[in-house]
Each structure stands twice: as structure tokens, then as C-alpha cells.
Amino acid sequence: MSQPAPSAASRPALLRFLGGVRTVTGSKFLVESDHARILVDCGLFQGVADLRRRNWDKLPCDARDIHAVVITHAHLDHCGYLPRLVRHGFRGPILAGAATARLAEIVLRDSARLQMEAAEHANRHGWSKHRPAKPLYDDDDVDHTVSFFDPVPVGSDIEIMAGTGLRLHHGGHILGSAWVRLTLEDGHTLVVSGDLGRPGHPLLLPPEPFTGADVLLVESTYGNRRHDHESAQREFASVITRTLSRGGTVVIPAFAIDRTEVVLHELATMRGDGSLPRHVPVYVDSPMALAALDVYRDAIRSHSPELRPEVLAVGEAVISPDPFLAARTVQESIDINNTAGPAIIVSSAGMATGGRVLHHLHRILPDPRNAVVIVGFAAAGTRSRDLVDGARNLKMFGEYVPVRAEVADVPHFSAHADADQILDWLGAAPAPHTTYLVHGEETAAETLRDRISDELGWTAVVPRSGEAVLVR
């Protein structure tokens, strides 16, 4: 696609930060030009109650006036608000890579199910202050939403509307993840990083490097941290070994998409070197994770260009710590909960905000023989963060459960790039007019802002929620 010629009559586009600023959830960035209104990411807020309540707020523009949505990847904090947007009248294309479209449908269906179940449980047991409690969206909303998915090829230029172009680049964060380049009708360019992968991801190739733009939005989840993957692997193996040796059960809350695959890869490695005995069962208790696992297996079979050559050479065994047992039905999940250790249970959600993992935590937390392993970033206000911060009790299903099990924090399993890796991704690209630090808690975003300013000499800003700026 040829670049649109700048128009003397075109006014600069306006960029609005509707979410994903000074927090790691709810990513939504609205680009408004004279003739197009594009939303990049449409994520759900998670974590503390004040953030979750924002999911019920209407956007500052009419959903019917948004022409298209671009999704960087299929995590809930980047795509989970889509059914709500459609409920409010959005009828445009939802543009994403093919793997993202397939994974996002899995995520949205699970999100609707969890919300419907939570509302029903609250109404039955009376623990919600809302009468009646209602889900943010339901199955019908998701059915309607997926009809608007329009998969686009990564690495190709497409025209969203006359004069407005899009190109997706591999992001290396999860399967299908991409960073986004928009070329606007006045010729200016905007890049949104989405979530960037780390170069050491065991399954995926690193993200394609940034090549320049007029305005850049870059994530800052680990903007004040450095990953130490080797020590993370040692700690992961160590906590599993000592828990199993005392006859305990290990519960690993893991995001259903990518984190489960990475955890299974580590367990497969341990199974292969004999440090994880074959008589110890590994359970994957999450229908969503199992559905996502099928997408990853299909990518391996089809030799996806996102995957590392060594992964393609080994095949599906890299994410199959055989023997492992899949719990697809509710009864199979209940059966796991009724078994004694030693065992390993991988279950979602990763931040323990809902899902089957809560039932496992409810059972194993009071017993000091057991362990919980937190294998990634835990946002403020989530149960995983409470455990990492040393909570002595955890509230679930309207009651408090004592925390006597060992809690191991292994954040370096994250699929996010750390601060050094983000600076490497920026590389030798020419300086944007302005770089905005998004998708990070305030301290992390400000720390990365200062490094980009000091080390690269770029103009870097941490925006505020609802702020609007010009793209030029």
C-alpha cells in the first residue's frame, strides 16, 4: 500500500488515553482524525474495585462512531471490553492477526462465562451489593462480537479507510501478538507497542524491532525491573521439588494463553531430566487453557513463523510434560480437588481473580505441605498480588481462607520484556516526536520514562487517564 500523501487541509489527529495508563489493565487508545476514529486495543480493567468499576462506565465517545478496532493480542486486558463495546453499538471491523482472532474468541467466551457464573453465584448467596448482580456481558454479546473479527496478515499493509493505513509486526509476547503501526491521513505515523515479548521466550521469536514513528506508545509493565530467567528456572524447580518431597500439592495460577504453555514447557523439561518424577500427575484444569493449547499445537504443526526453530524441530512434545491430565469438565475439575498430593495443578486465572483456580486455592492454602507458585506479573488488587505481598488470609466465595501454604513468587517467567529489553527494542530508531509510557503501574512507567529521556534523549511522557494529545 502506498503511503497517503499529507493533506494541507487535514488537521492533526487526536490521541485519547482511555485506559492502560498508570495501570496494567484496560488498554484503550482512541485515534481521531478528520475522517477516521480508530480504537487500538479494547481491554478490560482488572484488579482493585475502583478499576473494575470503570468497566461499567461509558466511553467518552459513542461506540457507534468508532470505525474500527485494532487488537494487539488476545489477553483480556487488551481485548476483554470488546463485547461491551458491541453491546453499546460498535459495528465496525475488529482487525487482528489470525491467531489473535482465534485466541480472543476463546478468551471472550470464557470471560462471559465467568461473569455470568459470578453474577448467578452472587444472587444465589447474596454476597453482592447489587440487587440483582448482572454480568458485564453474556454469551450472546460474544456471539455478536466475533462476527466482526476481520483477521489481517502480519507484515502486510492494509487500508482501514481511505488514507488510513495499518501494518502489524510480530510482537513476541504471546502467539499472534503484534505491535501496531498506523499511518494517518495527514501522513503522520503512530506506533502502539502492545505488550512486547522478551528475547528469551522459550517458544516465540523476539519482537520485530521498532523502526521509528512520529508518536510512540510503549508498554512499561516491567519498566523498573530486570528479568533473571535462569534464577527463575532454578526457583521454579526448587519449590516444586521440595513441595513434592513433603507430599504436597503445587498450584500454579497461570494465564490460559502463553503462560500455561511456558509452564508446561518448563515441566516437560523437568520431566525429561528426571527432576519431575513420572508418577507425579500434572493437571491442566482450565477449558480455556486447553483450547489455547490446541491453537499453539496447530501453530507448531503448521510451522508458524512466530515460533523458534528449535521448537519446530522438537514438535508438540515441548509443551506436553507427558503424562499430563486435562480437566475439561466440571466433574473432572472436582475430581482433581478430591485427590491428595503429591500433584501439580496448572489452572487459570493467572491473577486468581476468578476461574477454577479459586477452588484449588480454597482447598490447598490452609495446609503448609502445599505451595502456590505465582509465575508472572501480579497486578495490585488481585489475589495473586495479595499472596505475593504476604497475605495471611485470602477472601474467596464470600469468606476468608487462612494462608499456610508456601507462596513462591517467580515473576521472571513473565512474557513481558523488561526495562533493558524495551530499550534494546527501541534500538537505533530515530526519535519520535513524543514517546508515551503506557500499560504500567505508575512507578514502573515513570522509571522507564526517565531512562528513555536520559539514555536516548527522547521526549518521554507518562500520560493521565482521559488525557488527549495531538499526533504530530
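Trainee: In this predicted model, what is the order of the strands in the open sheet?

Mentor: The open sheet is formed by 7 strands in the order β6-β5-β4-β3-β2-β1-β22, with mixed pairing.

Trainee: Why do β6 and β22 stand at the edges?

Mentor: Each of β6 (149–151) and β22 (468–471) has a single partner strand, so one side of each is left without a neighbour in the sheet. On average, neighbouring strands of this sheet are turned by 25° against each other, direction ignored.

Trainee: How do you know that β5 and β6 pair?

Mentor: Pairing requires at least two bridges between the strands. Strand β5 (residues 94–96) is joined to β6 by 3 bridges, therefore the two strands pair; they run parallel. Within β5, Ala96 stands opposite Pro151 in β6.

Trainee: Which helix lies across β5 and β6?

Mentor: That is helix α4 (residues 98–125), which runs at about 150° to β6.

Trainee: Let us turn to Asp258. Why is Asp258 said to have no salt bridge?

Mentor: A salt bridge requires the charged atoms to be within 4 Å. The nearest side chain of opposite charge, Arg259, is 5.3 Å away from Asp258, so the criterion is not met, and yet Asp258 is buried. Asp258 is found in the loop between β12 (249–253) and α7 (259–273).

Trainee: What makes the pair of Asp258 and Tyr296 a polar contact?

Mentor: The cut-off for such a pair of N or O atoms is 3.5 Å. The side chains of Asp258 and Tyr296 are at 2.8 Å, so the distance satisfies the cut-off. Beyond its neighbours within four places in sequence, Asp258 is in contact with several residues, including His173, Leu204 and Ala415.

Technical notes. Residues numbered from 1 in each chain as written. Predicted model: local features only at pLDDT ≥ 70, side-chain atom pairs only at ≥ 80, totals over all residues. Heavy atoms only, no water. Helix = DSSP H or I, 4+ residues; strand = E, 2+ residues; numbered from the N terminus. Buried < 20%, exposed > 50% of the residue type's maximum accessible area, 1.4 Å probe, protein only. Lys, Arg positive; Asp, Glu negative; His and termini not counted. Polar contact = N/O pair within 3.5 Å; in protein donor to acceptor, adjacent residues only side chain to side chain. Contact = heavy atoms within 4.5 Å. Axes fitted to C-alpha atoms, helices over the stretch in contact; angles between N-to-C directions.
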